[in-house]
Amino acid sequence: MSDRIVLRTGEALVEGPEDYMAAEPEVVIGELDGPVGNALASLIGEQVKGHTKVFAILNSDVQVRPATVMVSKVTVKGGKYTNILMGTVQAAIANGVLDAVREGVIPKDKVNDLGIIYSVWLDPAVTKADKLDHKALFDVHREATLKVIRKAMNHEPTIDWLLENQDKVEHYYHKLGLDGEI
């Protein structure tokens, strides 16, 4: 049996063919009988208008394992945004979780013991796209899901990498601020 996974965190960015297709998830992964399980249950039980929490599903009646709760970083407004988030993006996240299990990033023998809290970014500009490419949006979020889970489970970036690269990495929006662009 695998070692206990109490609480792992991860953040990732995958850019899409259009700016509004970028995915920037953040996750917390851990045992259901620990802090992650408590937080996951609280999130499902404490629904808030505009920030509904839902399980990642392949389709209605087909929830994935490990149990994954999606939490939107954006206040959800309007039917079109809701349908894209709870359709294409939700399906992509569900598939990315299963990809992580298939690759062994998440141990298969732990899928019923772990929970994932998945903070999802979906740019509201997707609702203004003339012809939204749902396949491309799906692919970006699926890739981002596998990437963020891989980073969380592997403790990436490592502290050694961070210390070595601290002065080489610039925060995009901080740089825009320094350059007077925001």
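Start by selecting Glu11 and Glu26: in strand 2, Glu26 is the bridge partner of Glu11. The model you are looking at is predicted.

**The sheet**

Widen the selection to strand 1 and strand 2. They pair in the antiparallel sense, over four bridges. Next, add strand 7. Six bridges join strand 2 to strand 7, and these two also run antiparallel. To find one of the links, pick Gly30 and look for Gly115, its bridge partner in strand 7.

Now show the whole sheet. Its five strands follow the order 1-2-7-6-3. The sheet is open, and its pairing is mixed. Which strands stand at the edges? They are strand 1 (8-11) and strand 3 (54-55). Each has a single partner strand, so one side of each is left without a neighbour in the sheet.

Go to the strand 3 edge. Strand 3 pairs with strand 6 (residues 67-72) in the antiparallel sense, over two bridges. Select Phe55 here; opposite stands Val69 in strand 6. In general, strands of a sheet pair through backbone hydrogen bonds, parallel or antiparallel.

**Helices on the sheet**

Select residues 35-45. This is helix 1, which packs on the sheet. Helix 1 touches strand 2 (26-31), strand 3, strand 6 and strand 7 (114-120). Its direction makes about 55° with that of strand 7.

Then select helix 3. It packs on the sheet too, touching strand 1, strand 2 and strand 7. The direction of helix 3 makes about 140° with that of strand 1.

**Along helix 3**

Stay with helix 3 and follow its residues, 134-153. There are 20 of them, reaching 28 Å from the first C-alpha to the last. That is close to the 28 Å expected at 1.5 Å a residue.

What caps the N-terminal end of helix 3? Show the side chain of Asp133: one of its oxygens lies 3.2 Å from the backbone nitrogen of Lys135, and Asp133 is the cap. Past the other end, click His155, which follows helix 3 and has a positive phi, near 55°.

**Backbone stops**

Most residues other than glycine have a negative phi, and most peptide bonds are trans. Here are some places to check against that.

- Asp61: its phi is positive, about 80°, although it is not a glycine. Find Asp61 in the loop between strand 4 (57-59) and strand 5.
- Arg65 and Pro66: a cis peptide bond joins them, with omega about -5°. Pro66 sits in the loop between strand 5 (62-63) and strand 6.
- Glu156 and Pro157: this pair is also joined by a cis peptide bond, with omega about -5°. Look for Pro157 in the loop between helix 3 and helix 4.

**The largest pocket**

Finish by showing the surface. How much space lies in the largest pocket? About 700 Å³. Its lining has 18 residues. Select Glu11, Leu13, Glu24, Tyr172 and Tyr173, which lie nearest the centre of the pocket. Glu11 is where the tour began, as the bridge partner of Glu26.

Last, colour helix 4 (159-165) and helix 5 (172-178). Each supplies at least two residues of the lining of the largest pocket.

Notes: Residues numbered from 1 in each chain as written. Predicted model: local features only at pLDDT ≥ 70, side-chain atom pairs only at ≥ 80, totals over all residues. Heavy atoms only, no water. Expected span 1.5 Å × (residues − 1). Polar contact = N/O pair within 3.5 Å; in protein donor to acceptor, adjacent residues only side chain to side chain. Pairing = 2+ DSSP bridges. Contact = heavy atoms within 4.5 Å. Axes fitted to C-alpha atoms, helices over the stretch in contact; angles between N-to-C directions. 1 Å grid on protein atoms, 1.4 Å probe; cavity = no way out; pocket = protein on both sides within 12 Å on 5 of 7 lines; lining within 4 Å. Points joined across faces, edges and corners; volume = space filled by probe spheres on them.
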